[in-house]
Amino acid sequence: MSTALKFADAGTTDLADLVDLQRYPIDDPESEPWRALVKQVREHLDKDGCAVLPEFITADGLKQLRAETNALADKAFFQRRECNIYNSEPDASLPEHDPRQIFFERSSGFVTRDTIPADTALQRLYVSPGLKQLVAACNQLPEVYEYADPFAGLVVNTMPPEAYQPWHYDSNEFITTIMTQAADTGGEFQYCPGIRTPGNENLSEVSEVIRDRLPSRIKTLTLNPGDLQMFRGRYSLHQVSRVQGQQTRLTAVMAYAKHPGVIGPVERTRQLYGRVSEAHLLAERHQSKDGLIR
Ligand SMILES: O=C(O)CCC(=O)C(=O)O
Ligand SMILES: [Fe+2]
């Protein structure tokens, strides 16, 4: 992929070649249509933990994102790994049906932000003030920030045929995704809106869901490439069902933080991305000294 083009300019809001600005005026925040959009998204997020903005990306924009994510797909890190929904270690003292005792094999992979060239449409979208402002307003926050983590803020979830991303919660409260290429079949995003809340893990229902005994609690999202999805993944258990057919499912996952400077923990970073950077090591050392929450 060429890097001869101008690098991403964090100050530009001109996304006219990528985003359908007629329908989604993210370049005109506080305008009437923008406010109406934010109101609608908030309602969906409050009710369902999820909101979809259909055809957010233009046809040309989608062509570009699809080409970029396909070109990056072979840089994904894969590690087949047995995980429970909390990513915690096995604990033999727990009863057999406890959700912490149920492990699934994760076979999806991630391309990390540091391997995505700065002049790509993917990076332009992630750093765009218009998108950040929309995400902040929809989540009732004054501002959101790019991760300082060199790997984690923008990743491409890469799911070749037969890949499965098992039930999990995200560590951050809200996430924004754009699928750039769908699976032929399978690869469906499934979720249980608000199944846990702060202070209540709701282990009994969660245990039923992950043992396939409570299908009525599971919603399957109809998502098309180019739609923008906002999702509260910390409270809504979710999975991507097994990819079938020939085509790799590709999704750009954009994470923003409530505070600047967020860097993921060393051990989790190594598990997810197969390596860590100097920034991760420094952040961990710094954290252990001042005791602050990351
Ligand atoms: O690929 C998706 O649609 C969602 C991925 C996801 O849940 C995650 O990466 O945490
Ligand atoms: Fe997730």
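UniProt positions are given here in the numbering of this model, and its annotations may be inferred rather than shown by experiment. The structure is a predicted model.

**Stop 1: the annotated domain.** Select residues 150-260, which an unreviewed UniProt entry lists as "domain: Fe2OG dioxygenase". Over this stretch the chain is 39% strand and 7% helix. The C-alpha atoms at its two ends are 13 Å apart.

**Stop 2: the shell around ligand 1.** Next, display ligand 1 together with Asn157, Gln165, Asp170, Thr177, Phe189, His238, Val240, Thr251 and Val253, the residues around it. Two elements, β14 (237-240) and β16 (249-254), each give two or more residues to this shell. By character, the shell comprises five polar residues, three nonpolar and one charged.

**Stop 3: the nonpolar core.** Now select Leu122, Val156, Leu237 and Ala252; within the largest nonpolar core, which has 66 residues, these touch the most other members. Colour helix α4 (residues 129-138) as well, since with five residues this helix gives the most to the core.

Then centre the view on Val156. Leaving aside residues up to four places away in sequence, Val156 touches Thr69, Leu72, Ala76, Phe110, Val111, Leu250, Thr251 and Ala252. One of these contacts, Thr251, also belongs to the residues around ligand 1.

**Stop 4: helix α1 and the residue after it.** Finally, select residues 32-48, which form helix α1. At 1.5 Å a residue, its 17 residues should span 24 Å, and the end C-alpha atoms are 24 Å apart, so the expected and modelled spans agree. Just after α1, select Gly49, whose phi is positive, at about 70°.

Key. Residues are numbered from 1 along each chain as its sequence is written. Chains are lettered from A and ligands numbered from 1 in the order in which they are written. This is a predicted model: local features need pLDDT of at least 70, side-chain atom pairs count only at pLDDT 80 or more; totals for chains, interfaces and linings use all residues. Helices (H or I, at least four residues) and strands (E, at least two) are DSSP runs, numbered from the N terminus. A nonpolar core is a set of buried Ala, Val, Leu, Ile, Met, Phe, Trp, Tyr and Cys residues joined through C-beta atoms within 7 Å. A residue is buried if 20 or more other C-beta atoms lie within 10 Å of its own, exposed if 12 or fewer, and partly exposed in between; C-beta atoms are placed from the backbone. Two residues are in contact if their C-beta atoms, placed from the backbone, lie within 7 Å. The expected span of a helix is 1.5 Å times one less than its number of residues. A residue is near a molecule or strand if its C-beta atom, placed from the backbone, lies within 6 Å of it. Ala, Val, Leu, Ile, Met, Phe, Trp, Tyr, Cys and Pro count as nonpolar, Asp, Glu, Lys and Arg as charged, and the others, Gly among them, as polar.
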